[in-house]
Structures are given as C-alpha cells and as structure tokens.
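Student: Could you take me through one part of this model closely, the open sheet and the loops that adjoin it? I would like a connected account that I can follow with the structure in view.

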Amino acid sequence: MLFASQALRPFRGLRFRLALSYVLFFSALLITLGFVFRATLNAIQQNQVEDILDNDWGAVKGYLRFGDLGPYWFYDKSDPDEAYTVERLRRVYLLADAQGHPFERSEIYESIGFDSPDYIKEVIQQGAKAKATRVRTDSKGIPYLIRSGVIVDQHHHRYFLAIGRAIDTSNRILKEFTYRYIIIVPAVVLLSGLLGWFLAGRALAPVNSVAEAAERITHSNLNMQIPSRKAGDELDRLIESFNRMMERLSCSFAQIQQFSTDVSHELRTPLTIVRGQLEVALFTATTTEQYREAMVNALEDVERLSNIIRALLMLSQAESGQLVLKKTNLDLAEAVRDLVDEFQIPAEANDVGLTAHLPEHCFVQADRIQIERLLSNLMSNAVKYTSAGGKVEVSLVGEGDQVQLVVADNGVGIAPDHLPHIFDRFYRVPSADPEKGLGLGLSFVVWIVRAHGGTIDVQSELGRGTTFTVTLPVGARPAGESETAALATAERLN
C-alpha cells in the first residue's frame, strides 16, 4: 500500500494537475477549432461550386436555343473555346419538358438517375424563380452538386433544366484536412503536455523552495530567508510573506526564550526567599513573634508571586479574546483625577512633582477597570523613571470625536534602539532598577488602547524624558464587545 501511494503521488501533485488542466484546455480548444475550420472550409468550397453553377446556368441560357423542332445549342463549332465550354456545360446536363420527358441528357446524368416526373412538374409549377441545389451520386460513387430550375422559350413554354458539377475534389480536400488534423492534434497535445509540465515545474519552483525551506526550519535557524525572484508576481509575494512570517516567528521565539528566562528568574526568586525564610524560622525561631515575622515575610513574597502569575494569566486572556470589555459612559477626567491623587504619595516619596491639566468633565464609552489599569501603568512608569526633582504632567484634551490623554515626564528617557519594541510582550529596556518587572505593563497598555478603538504614540529622548499620547474615540460601541472585535476595529483605524 505504501509503494502504491508513493507511485500515485506524482499524479496528485499540483504540477500534474496544472499540466493536465493545460492539456485538457488546449485539447478542447484544438478540437473546437478543428470543427470550426472544417465547417468553414466546407462552406467555402460549397459556395465556390454554387457560384460556378450559377455562372454555368447563365452560360447554358446563352447557348441554348428553342426552334420549331425543339431545343438546340447555338455556338461556333469551329471555335475551340466555345466548343469546349458547351461540352463542359453538357457534361452533367438534363433538359426535360413540362411533363418530365427528357429532351437531352448526358451520360453522367443518366448514371446518377433521372429526376421523377412529379419532381419536374413541381419545379415547373414554381416558375422561373425555382432554384434547387442537391447532391447526387453516380454509379461510381462520385458526388455531384446539381442545380435545377426552369427556363422559358420565346413562346413562353417552360422547360426543366438541371446542370451539375462534381464535388469529389472538394470532398477529398475536406477528408484530407480532417485526416491530417486528426494526426496532428495528438502530436500537438503531447507537445503541449510536455510544455505544460515544464512551465508548471518552473512556476511551482518557488513554491517548492518555500516548502523545502519550511522543512529545514528548526529553533536554531528561524532567521532563514528565501531569495526573491525579482519578478513582482504572486510567487514573489508568497516568498515575501513567508520571509516576513519567519521574521515574526524569529522575533516571537526570541521573546518567548527571553520570557522563559525572565519568568523562571522571577518565580524562582520569591520561591527561594520563601523557602529560606521558612527554613530559618523552622530551625532558629524560638518565639511566637519570630515565627509570625517569618510567616509575614513569606506571605509578602507569595503575594508577589501571585501578582506575577495573575498578570500573565490576564494578558493571555486579553490576547486570546477571553477578556470582555464592560463599557460604560465614563467620565475620563474624573478617573484621571482620582489616579493622579493616588500617585501623589509615591511621587512625593521619589521627590517627583506630579501635576494634572484636566477639564471639568470628559465623557467616553470605556471600561473603567481597564482605563484605570492603563493610567496606572503609564503614571507608574513615569514616576518610577523620573529622577528626584523631576516632574510628571498628565493632561486631557477633547478634540471633536476624539480625546487625547498625554502623560509626559522629564526622566531618563528611552534610547532610540529600544523605542520600537517597548510595547512588545516581555520586552524590557535595560535599567538599573532592580524591580523592573516582567515587561508586561506596556503590553497591557497597548492592548487596552486598541481594544477601545484608539491609538497610542510615544516620543522619547534619552536623558530628557518620555511622552505617551493616547487617543481614544468618544463614540459608543455595543455593550459587551469582546477584545477581539475591538482589536479588529483598532487595526482598521490604524
């Protein structure tokens, strides 16, 4: 069964199907053209013979005379041209009276058979306008195209006249064309099949390159790139898409590796501390107060560990669309004012001036919990990375159907190399701060902004500070809109 499957595999490939489609289409086209050409050739030949018969009909009327003794041929017998013409006209020839009795006939016409008296009478009754063209065959099987009609003498007597011309040459040409076409078509189809197989192979070569490259991909060579063909076609677009996908995968894999390292460190540290404190308490504590102190310290580290796990779980739910926004008519100015008041204590502890420039009211359709998380992350970073004596300013401005929230500080700033990556998951700007966290805060911020259909922009200069500008739409959206739908809307706005 395996051998049979491998043997049939080439016939299931896209290359074979493309070549087969090309051959079938080309075969149908050739057959159709063959029928069309044959019908056209037959019509042309028949029209030519009919035109010749029309000319012969006029010539017969010019040479044929009717006297008292009956019809006779009037021509110069000493003129070889006229003699030949009359002989040719009388080669397939019948002249009969109105009753169907023949006056004159040729031997060939006798071999193909006289017309019946009833037919002759029918033609006579139709008068001079009667004209009939038929195909008759003689005893030797030679076909003739016969034209029959009526001629009238000077006494208005009607006579039946029929003349003919052999069409075996025309039929032979038609048969020869058909025979040769039938022989040529299979050869042309075979050549077209080979050509189609070759062209399909060339066309699919980049696809095979992509497939081979995909098979060679491992965790150690995610930066693999396929060279572009520089043709500007769909296959180049496929190659470019594949290369961009590999870049994203490489970046994501690097982030995951960094995340694994960071998480293992962040989780190991509180666990090690908890274990150490409990072991110390177990072996050295002698009083209730010492045991209580060890338990309090252990609970603090457990709480830190719970916060890390909770943040990871929440971000995972947000990115998978499981976190649903609960939008209400929120007074954003009031929410910002409350958060600024809360951060006054840590700001004063760091000797950082925290001020706000807010309107009395500014209403938007938003999820209060998520908006507060956004504000808390931005202001926490601003206060945290601003040196003593610095300042942080929060402002809110309404512009038409949009609201702009600006959080600016004059702190340490962000280097240009790190600025494009600060919203990436688990990305952390190198800092001397021992409590720099997992790098999830700004990932939450960008998710919240996009989930509300807004945009976020950051301007920073190393040593001079950072400014975050969040733009949110004022318009309402249906209640209960999921993060996935909101994020799709944000992508369109961007």
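**Asp97 and the sheet around it**

Tutor: Asp97 is buried, because its relative accessible area of 17% falls under the 20% limit used for that word. This is a predicted model, and what follows should be read as a description of that prediction. Asp97 lies in the loop between strands E3 and E4, and its side chain is engaged with the backbone of that part of the chain: it reaches the backbone nitrogen of Gln99 at 3.0 Å, and one of its polar side-chain atoms also lies 3.0 Å from the backbone nitrogen of Gly100. Once neighbours within four places in sequence are set aside, Asp97 is in contact with Phe103, Ile120 and Tyr159. Of these contacts, the one with Ile120 spans 23 residues in sequence, with the two C-alpha atoms 8.5 Å apart in space.

The strands on either side of this loop come next. E3 (residues 93-96) and E4 run antiparallel and are joined by 3 bridges, and Ala96 has Pro102 in E4 as its bridge partner. E3 and E4 belong to an open sheet of 5 strands, ordered E4-E3-E7-E6-E5, in which the pairing is antiparallel. Strand E4 (102-105) and E5 stand at the edges with a single partner strand each, so one side of each has no neighbour in the sheet. On average, and with direction ignored, neighbouring strands of this sheet are turned by 20 degrees against each other.

Beyond E4, the chain enters the loop that leads to helix H4 (107-112), and Ser106 is found in that loop. Ser106 is buried, with a relative accessible area of 6%. Not counting residues up to four places away in sequence, Ser106 touches Arg90, Arg91, Val92 and Tyr93, and the last of these, Tyr93, falls within the residue range of E3.

At the other edge of the sheet, E5 (residues 131-137) pairs with E6 (residues 143-152) in the antiparallel sense over 7 bridges. Within this pairing, Val135 has Leu145 in E6 as its bridge partner. The hairpin of E5 and E6 has 5 residues between the strands, and in this hairpin Gly141 takes a positive phi near 85 degrees.

To return to the starting point, Asp97 is a buried residue in the loop between E3 and E4, with side-chain polar contacts to the backbone nitrogens of Gln99 and Gly100.

Definitions and conventions. Residues numbered from 1 in each chain as written. Predicted model: local features only at pLDDT ≥ 70, side-chain atom pairs only at ≥ 80, totals over all residues. Heavy atoms only, no water. Pairing = 2+ DSSP bridges. Helix = DSSP H or I, 4+ residues; strand = E, 2+ residues; numbered from the N terminus. Axes fitted to C-alpha atoms, helices over the stretch in contact; angles between N-to-C directions. Buried < 20%, exposed > 50% of the residue type's maximum accessible area, 1.4 Å probe, protein only. Contact = heavy atoms within 4.5 Å. Polar contact = N/O pair within 3.5 Å; in protein donor to acceptor, adjacent residues only side chain to side chain.
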